[in-house]
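Trainee: Could you take a close look at the side-chain links in this one with me? I'd like to go through the charged pairs slowly.

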Amino acid sequence: MFNFAFLQEVAAQVADSRLIPSVVETLKTVSKEKIVRLCLSTLRNLLDKPRNNEQMIDAGLMRMLNILSNKKWGDEDIIDDLKTLNESLAKNIVVMSSFDTYKKEILSGRLEWSPVHKSDRFWRENNGKLEDNDYQLLLMLKDILTSGGAGNPQNLAIACFDLGEFARYHPRGRVVLQRLDIKMEIMRLMTHENPEVKKEALYAIQKMMVHNWEYLSAK
């Protein structure tokens with residue numbers, strides 16, 4: 001299991017399996033130092049891959065880390081792994097809370113230029129969540145575009161910005177936006193009478209083009 005975690009390509013796909021919940025469950029039931037070290041080392045090497053941190057939190061790892069941190073360990077690797085896991089997942093909890101706030105804002109249809117919209121880390125770690133529930137949030141952003149932002153140009157500008165960030169950070173962002181007919185809605189706003197809406201629509205289209213170029217160059 002330990003060597004398995006070092007395979008980066010595999011580690012990035014672990015969230016689609018039951019590995020992380022199984023390792024956390026093992027931590028809950030064993031006390032032998034050697035096994036604890038193996039479990040913690042595995043989880044540490046799976047940190048910061050797509051959705052892995054979130055799955056660790058959902059599996060109850062934070063509580064186990066607190067319990068294990070209060071025990072005395074003779075193995076320095078265990079102490080170091082506990083510290084690293086605690087620090088990384090604590091940051092993720094903040095990001096996840098930010099996503100919950102973001103989701104509520106999108107569903108309300110009233111958008112504000114809050115810091116989360118322009119946070120590179122937020123988009124890097126949460127872009128895939130916009131596809132959840134049959135693209136619920138992406139389709140809500142599309143509705144904002146097609147409805148004219150409920151008469152509020154700021155809604156249109158922020159929706160364009162967010163869709164551009166999705167295209168920028170998601171590996172298939174451009175393809176997804178085309179398939180959902182969102183790209184055409186953004187292009188339509190490039191001639192909008194409001195300067196901010198026009199600017200953000202243009203930037204969003206540029207992000208789609210640049211992201212696609214970067215993706216193809218990496219192939």
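To start with, how many disulfides does the count come to? After that, please walk me through the salt bridges around arginine 44.

Mentor: Happy to, and keep in mind that this is a predicted model. The count comes to 0 disulfides. A disulfide is a covalent bond between the sulfur atoms of two cysteines, and the cut-off used here is a pair of sulfur atoms within 2.5 Å. Two cysteines to look at while you're there: cysteine 39 counts as buried because its relative accessibility is 4%, and cysteine 160 counts as buried too, at 0%.

Now for the charged side chains. Side chains of opposite charge can pair when their charged atoms come close. Here the count comes to 12 salt bridges.

Let's zoom in on your arginine. Arginine 44 forms a salt bridge with aspartate 80, and their closest N and O atoms are 2.6 Å apart. That pair links distant parts of the chain: arginine 44 sits in helix 4 (residues 33–45), while aspartate 80 belongs to helix 7 (residues 76–108), 36 residues apart. As for exposure, arginine 44 has a relative accessible area of 30%, so it is partly exposed. Aspartate 80 is partly exposed as well, because its relative accessibility is 37%.

Arginine 44 has another partner: its side chain meets that of aspartate 81 in a salt bridge, at 2.8 Å from N to O. Aspartate 81 lies in helix 7 and arginine 44 in helix 4, so this pair ties together parts that are 37 residues apart in sequence. Is aspartate 81 buried or exposed? It counts as buried, because its relative accessibility is 6% and the cut-off for buried is under 20%. So picture arginine 44, partly exposed at 30%, bridging to aspartate 80, partly exposed at 37%, and to aspartate 81, buried at 6%.

Elsewhere, have a look at glutamate 200 and lysine 199, whose side chains meet in a salt bridge at 4.0 Å, N to O. Glutamate 200 has 6% relative accessibility, so it counts as buried, whereas lysine 199 is partly exposed, with a relative accessible area of 38%.

One last stop: Asp120, Glu165, Arg168 and Lys207 are linked in a network of salt bridges. Try picking out those four side chains together on your screen.

Definitions and conventions:
Residues numbered from 1 in each chain as written. Predicted model: local features only at pLDDT ≥ 70, side-chain atom pairs only at ≥ 80, totals over all residues. Heavy atoms only, no water. Buried < 20%, exposed > 50% of the residue type's maximum accessible area, 1.4 Å probe, protein only. Helix = DSSP H or I, 4+ residues; strand = E, 2+ residues; numbered from the N terminus.
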